[in-house]
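This report describes a structure for a reader who has not met it before. The sequence and the model come first, and the account follows.

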Protein chains: 2
Amino acid sequence: MLRTNTCGELRAEHTGSRVTLCGWVQKIRELGGMTFIDLRDRYGITQLVFNMDIDAELCNRARELGREFVLSIEGEVKTRSNKNPEMETGDVEILVEKLVVLNASKVPPFTIENETDGGEEIRMKYRYLDLRREVQKNNLILRHKVLQETRKFLSDEGFLEIETPFLINSTPEGARDFIVPSRTNEHQFYALPQSPQTFKQLLMVGGFDKYFQIVRCFRDEDLRADRQPEFTQIDCEMTFVQQEDVLNIFGNLVKHLFKQIKNIDIPEFEIISHADALSNYGTDKPDMRFDMKLIELTKLVSGKGFNIFDDAEKVAGIVVKGCASYSRKQTDELIEFVTRPQIGAKGLIFAKWEEDGNFKSSVDKFFNSDDLAQWANAMGAEKGDLMLIVAGDTTVVQRALSELRLEMGNRLELRKPDDFKPLFVVDFPLFRWSEEEKRWDPLHHPFTSPKEEDLDKLDDDPGAINANAYDLVINGIEIAGGSIRIHKRDIQEKIFKAIGLSEEEAKEKFGFLMDAFEYGAPPHGGIAFGFDRIVALFGGTESIREYIAFPKNNAGRDVMIDAPGKVSQDQLDELGLSLKK
Amino acid sequence: MLRTNTCGELRAEHTGSRVTLCGWVQKIRELGGMTFIDLRDRYGITQLVFNMDIDAELCNRARELGREFVLSIEGEVKTRSNKNPEMETGDVEILVEKLVVLNASKVPPFTIENETDGGEEIRMKYRYLDLRREVQKNNLILRHKVLQETRKFLSDEGFLEIETPFLINSTPEGARDFIVPSRTNEHQFYALPQSPQTFKQLLMVGGFDKYFQIVRCFRDEDLRADRQPEFTQIDCEMTFVQQEDVLNIFGNLVKHLFKQIKNIDIPEFEIISHADALSNYGTDKPDMRFDMKLIELTKLVSGKGFNIFDDAEKVAGIVVKGCASYSRKQTDELIEFVTRPQIGAKGLIFAKWEEDGNFKSSVDKFFNSDDLAQWANAMGAEKGDLMLIVAGDTTVVQRALSELRLEMGNRLELRKPDDFKPLFVVDFPLFRWSEEEKRWDPLHHPFTSPKEEDLDKLDDDPGAINANAYDLVINGIEIAGGSIRIHKRDIQEKIFKAIGLSEEEAKEKFGFLMDAFEYGAPPHGGIAFGFDRIVALFGGTESIREYIAFPKNNAGRDVMIDAPGKVSQDQLDELGLSLKK
């Protein structure tokens, strides 16, 4: 090894030892006849001292070094006269006797510090420099820990890690596949997996009753800020289980991770139905750190001649504790908030039950104090509270109130970063109607099992079928989703038919799976975690990109290596492809 | 859970318990009024009993089941009167009281037993049934264990597992890339990585001094029997190390795996140079389980008027102990062996030093007993030994004798399956001359560091440069390879130039790496293990395919899902591609 110690490990008890350290120049300071260099590596920072009186030539060489030069130094560990309690190595410094410059560095395009002057674009281009910043380094160390702890838990629970193929077939449903032309099978294409779904099911058919994999998945989507074309999934599947078994074991995985990674005992998972999530919180991924439920008001408020309520499919509201004193400016902000195009409410009605007992509202023309007292009663409001009400189509009302609830949670600091409230949402509908495609689409995917009691609705009333499907939500973030799967051919065929897949298409794309179901396929179910998202949750920020070593930007580009790029005509010729003008 | 116990865990002490088991019907036997079913799951086999006297209806239902039906049964654990010591559960059986058929099965296309009647093709097509066979199940369980133990060792040694991207750029050197058209960047392509080489180097530049990843890699090669278009690699890199440090730590990884997986203490790694490997064993991946070194004879045997020796670039031989008694038939077999087109020797000369002291050879016309005694002396042969000699071009002689040595090792049973002799081959040449391309090609890859003392040969004598490169070989199988890398821009530029990459190409494809070298790149090196091959080594067979859950065939096809396949015109249109007629 080119070093005897790291830059993070020397302490007072090492005083007197001769050591060799390697690392990067973080900072150089001159102080009279002394030069101090902070030498950095993955493990910490150690102060080096060069003394003009002891070795002028060496000291002068040190003064010519620049930030991010890579050094190997040899010297003696000394106790510092001026200890730095902020640094783990702050009791000591190295009096350098030998200095080798292992590599020079140009001046980096941004400062290698947590509070850097580099914008995102330049940091992405020089990602290898960005990764030297402590905050980024710690993000990847966190990711490493979550990887190891996840595998340890699942492995100890008897799950087998089994690798599934990356070069598979393109399938007609879901998001777009990335495709990979085959040279040896002309004009045929592999596709990169959006998930190992069918393969893990085949592993269950193959008798591997507990499977997991932490695996890259690919989706050719139009990217949003928080999406990546390649992302990592903790993919799991079990045989001979029911929904409650899956919730139980993977709830335990999450508890294990919180304990090991953050030393937090999280509470038991709440379990609520998809329908209750929507009616109580307006969303299927509610933040459970605070209450502020949506209250249904449609009946109560109609028939008073106020068209906005009378014509609405749904009227509902939330009670914000202690905010009756909100100013006009503040209520205007909230109106602006819910009427933004992303949310799309037509407006916001508010009613204040002031501390002195008076009611004030934005609809005083239509509703008197008695009416407002009725609202307050229905909504469980108390003196001093602010009632916020939205009317319109059900989906718009739910979206608006869900977002407004989160906004008010933020304003009242009810969404504490170190408070974690895990939740399972269950009983999802099996299908949703696609207006675009004029057909039923699977809400999760077409391998999800309908609830047994709903099976007879497959022909007449597909929209009313509930699925054995579940999502795992923490603090409003969807962390995982899964389901009990179909394991019988006839049911799988009916589902394919219901979503508009012709018999030929179904056979061409999923014939192997339906065949497998005829050779003793066991009941099975599973779950998949968004791994990048889990790490971000532990890291305490929402952007998954900060937890990926080499992420892509919003256009799906790696700006560091400048990918994707052109390929040679020879490559295209070999693949039998040409570029269309 | 649908079961209280697995089919592998019930013992005599469970007698009297009521249990629910789930599993597959392995076998049904009728014996008088009794029906016995062997119920199988991942953990073992348990015998079920149905008794006509106790419950005729149930017993009749049991008799109608078929192989591979999936059952859930409830019953009482009974001690068997007729114990089966061959089975772990052989002390007990379950007297079944309740039987639920979870799924039926068609008659499987081959028997689900270790000694199956299914050929490879049908087993690949129904891979999910093949995986139910114990031998295949155990292969994947072995793979799981090697995965976990590898990560545990590296993680404990301070290596961080960091995931690198799969959607990268195509590079001009090495094997062919699989390419992935980008929809959002028209007429541009990602490529799938042949290895994470440049990314792991950038992680070193980023200050992560110990990295590993167990990662899928892709190579679009014309497939041979033992190759897969996608394969798994244990990919590792370290900073501030020299070659000996890398050999040391990864030698320890291999020792750890042998101890944990096979409970074997393997001996210390031998270390020999590439040149010595070739001259002593004729190959750079010698099997060290037995000696039988190649002996150089060119000088000794020339000038006796035997043209085959006189005209040869090289004459060399091996001594096979105790085989002087080989018959004409046997020596003819050996001649046929070395003259096969894959080996390509022109012939084989043999000389026997018989037990009675006489010499006999296939070249008695040219060499008398004194000559042959000289050969024996030079080769270290003794009475009773057989000398096998090949003449010709150096590469042919080495290949032929290397193969012949292995063949004789097999015949003499010197290659014991449970004997493991690990070896590092070092000091590889940096380049080899490509007659096809008329240029120097890197023997490993263009990021390999030349030995410092050979740097000045870069312009004049590239063929004489040795590299800081190493291979890890066990029992003749190359398990891993690696090198100390270049970390300075000027040297990297010279190497690209030496292998015929223009300045523009180098900049376009590897500009990011050369830029990175200018911002404080540390000295670093690493290694990559062929993971599939390691698992196969532990499993005791040579075919890696048996250790991959869903392998592809020799044409790169997944015959189970029938991939690759066609994609729709819409998909091609979106990508701006058309198929060339």
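Which side chains meet in a salt bridge at 2.9 Å, N to O? They are those of Glu382(A) and Lys321(A). Glu382(A) lies in the loop between α11 (369-379) and β16 (386-392) of chain A, and Lys321(A) in the loop between β13 (314-320) and α10 (328-339) of chain A, so the pair ties together parts that are 61 residues apart in sequence. A salt bridge here is a side-chain nitrogen of Lys or Arg within 4 Å of a carboxyl oxygen of Asp or Glu.

The model is a predicted one: local features need pLDDT of at least 70, side-chain atom pairs count only at pLDDT 80 or more, and totals for chains, interfaces and linings use all residues. Residues are numbered from 1 along each chain as its sequence is written, chains are lettered from A and ligands numbered from 1 in the order in which they are written, and side-chain values use heavy atoms, with hydrogens and water left out.

## Chain A in outline

Chain A has 16 helices and 23 strands. Helices (H or I, at least four residues) and strands (E, at least two) are DSSP runs, numbered from the N terminus. Along the principal axes, the C-alpha atoms of chain A fill a box of roughly 95 × 75 × 55 Å. Of the 581 residues in chain A, 58% are buried. Buried means under 20% relative accessible area, exposed means over 50%, and partly exposed is in between (1.4 Å probe, protein chains only).

## Salt bridges

Over all chains the count of salt bridges comes to 112. Three pairs are set out below.

| Pair | Closest N to O distance |
|---|---|
| Glu382(A) and Lys321(A) | 2.9 Å |
| Asp265(A) and Lys259(A) | 3.3 Å |
| Arg176(B) and Glu574(A) | 2.7 Å |

In the pair Glu382(A) and Lys321(A), Glu382(A) is partly exposed, with a relative accessible area of 47%. Lys321(A) is also partly exposed, at 42%. In the pair from Asp265(A) to Lys259(A), Asp265(A) counts as exposed at 62% relative accessibility, while Lys259(A) is partly exposed at 34%.

The salt bridge of Arg176(B) with Glu574(A) has its N and O atoms 2.7 Å apart. Arg176(B) lies in the loop between β6 and β7 (179-181) of chain B, and Glu574(A) in helix α16 (residues 569-575) of chain A, so the pair joins two chains. Arg176(B) is partly exposed, with a relative accessible area of 32%, and Glu574(A) is partly exposed, with 35%. A network of salt bridges also links Lys106(A), Arg489(B), Glu493(B), Asp515(B) and Glu518(B).

## A sheet in each chain

In chain A, 8 strands form an open sheet with mixed pairing, in the order β6-β9-β10-β22-β21-β20-β17-β11. Its edge strands are β6 (160-161) and β11 (270-273) of chain A, each of which pairs on one side only. Two strands pair if DSSP finds at least two bridges between them. Strand β21 (residues 477-484) of chain A pairs with strand β22 (residues 524-530) of chain A in the antiparallel sense over 5 bridges. There, Ile484(A) has Gly525(A) in β22(A) as its bridge partner.

Chain B has an open sheet of 8 strands in the order β6-β9-β10-β22-β21-β20-β17-β11, again with mixed pairing. Here the edge strands are β6 (160-161) and β11 (270-273) of chain B, and each pairs on one side only. β6(B) pairs with strand β9 (residues 210-218) of chain B in the parallel sense over 2 bridges. Leu160(B) stands opposite Tyr211(B) in β9(B).

β9(B) and β10(B) run antiparallel and are joined by 9 bridges. Cys217(B) has Phe231(B) in β10(B) as its bridge partner. On to strand β22 (residues 524-530) of chain B, β10(B) has 7 bridges, and these strands run antiparallel. Thr239(B) is partnered by His524(B) in β22(B).

Why is strand β10 (residues 230-239) of chain B described as largely enclosed by the rest of the structure? The reason is that 10 of the 10 residues of β10(B) are buried. In a regular strand the side chains alternate between the two faces of the sheet. Both faces of β10(B) are covered, with buried residues including Ile234(B) on one side and Phe231(B) on the other.

## A charged patch

Asp456(A), Asp459(A), Asp460(A) and Asp461(A) gather in a patch of negative charge on the surface. Patches are made of residues with over 30% relative accessible area and no salt bridge, like charges being joined within 9 Å and nonpolar side chains (Val, Leu, Ile, Met, Phe, Trp, Tyr) within 5 Å. Asp460(A) lies in the loop between β19 (439-442) and β20 (469-474) of chain A, and Asp460(A) is exposed, with a relative accessible area of 68%.

Conventions:
Accessible areas come from the Shrake-Rupley method with a 1.4 Å probe; for residues, only the protein chains shown count as cover. Lys and Arg count as positive and Asp and Glu as negative; His and the chain ends are not counted. The place of a charge is taken as NZ of Lys, CZ of Arg, CG of Asp or CD of Glu.
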